[in-house]
Amino acid sequence: MIRVPVSLLPHGQGLPLPGRATPHAAGMDLRAALPEGEAWTLAPGERKLVPTGLVMAIPEGWEGQVRPRSGLALRHGVTVLNAPGTIDADYRGEVAVVLVNHGAEPFTVARGDRIAQLLLAPAPAWDWAPETEAAALGETQRGGGGYGSTGRS
């Protein structure tokens with residue numbers, strides 16, 4: 001079990017910490033920390049940075065991934081614009097979510113709404129190992145085949 005230290009900012013007070021919707025859910029739901037009684041509306045095509053009221057310390061060697069909620073995407077066309085958003089282990093600012101409305105109707109976000117999900121994923125330290133020739137990288141079955149090169153079915 002990985003324990004992540006977390007603190008609620010003043011505008012996040014009173015909101016529950018992120019939690020799993022079901023016992024085996026991979027992610028924990030992030031909530032909008034808007035002022036009480038205030039709602040934000042995203043017009044079709046509009047994006048907004050939505051605060052969560054959370055500051056956390058992701059452990060070294062890990063990253064936080066902010067991902068869309070599938071129900072918001074399917075029902076409303078609302079998603080996380082930079083999905084997955086990354087929270088680095090050394091970031092200590094407020095976690096916020098870039099929501100975008102790709103739907104045809106305005107979408108309203110209110111305080112406490114579940115707007116995204118947060119997952120932890122390993123993020124090992126890595127660096128480049130420069131090679132002077134492309135052949136030194138090794139051959140694979142795919143080779144340099146790019147977009148669509150492996151077919152559709």
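This is a short chat about one sheet and one proline in a predicted model.

Q: What kind of model is this, and what pLDDT do local features need?
A: The model is predicted: local features need pLDDT of at least 70, side-chain atom pairs count only at pLDDT 80 or more, and totals for chains, interfaces and linings use all residues. Residues are numbered from 1 along each chain as its sequence is written, and side-chain values use heavy atoms, with hydrogens and water left out.

Q: What order do the strands of the open sheet have?
A: The order is β1-β4-β8-β6, 4 strands with antiparallel pairing. Strands (E, at least two residues) are DSSP runs, numbered from the N terminus. Two strands pair if DSSP finds at least two bridges between them.

Q: Which are the edge strands?
A: β1 (6-8) and β6; each pairs on one side only.

Q: Over how many bridges do β4 and β8 pair?
A: Over 7, in the antiparallel sense. β4 covers residues 47-56 and β8 covers residues 94-101. Pro-51 stands opposite Ala-96 in β8.

Q: And β1 with β4?
A: That antiparallel pair has 3 bridges. Ser-7 stands opposite Val-55 in β4.

Q: Why is β4 largely enclosed?
A: 7 of its 10 residues are buried, so the rest of the structure largely encloses β4. Buried means under 20% relative accessible area (1.4 Å probe, protein chains only).

Q: New topic. Is the peptide bond from Ala-83 to Pro-84 cis or trans?
A: It is cis, with omega near -10 degrees. Most peptide bonds are trans.

Q: Where is Pro-84 found?
A: Pro-84 sits in the loop between β6 (78-80) and β7 (85-87).

Definitions and conventions
Buried < 20%, exposed > 50% of the residue type's maximum accessible area, 1.4 Å probe, protein only.
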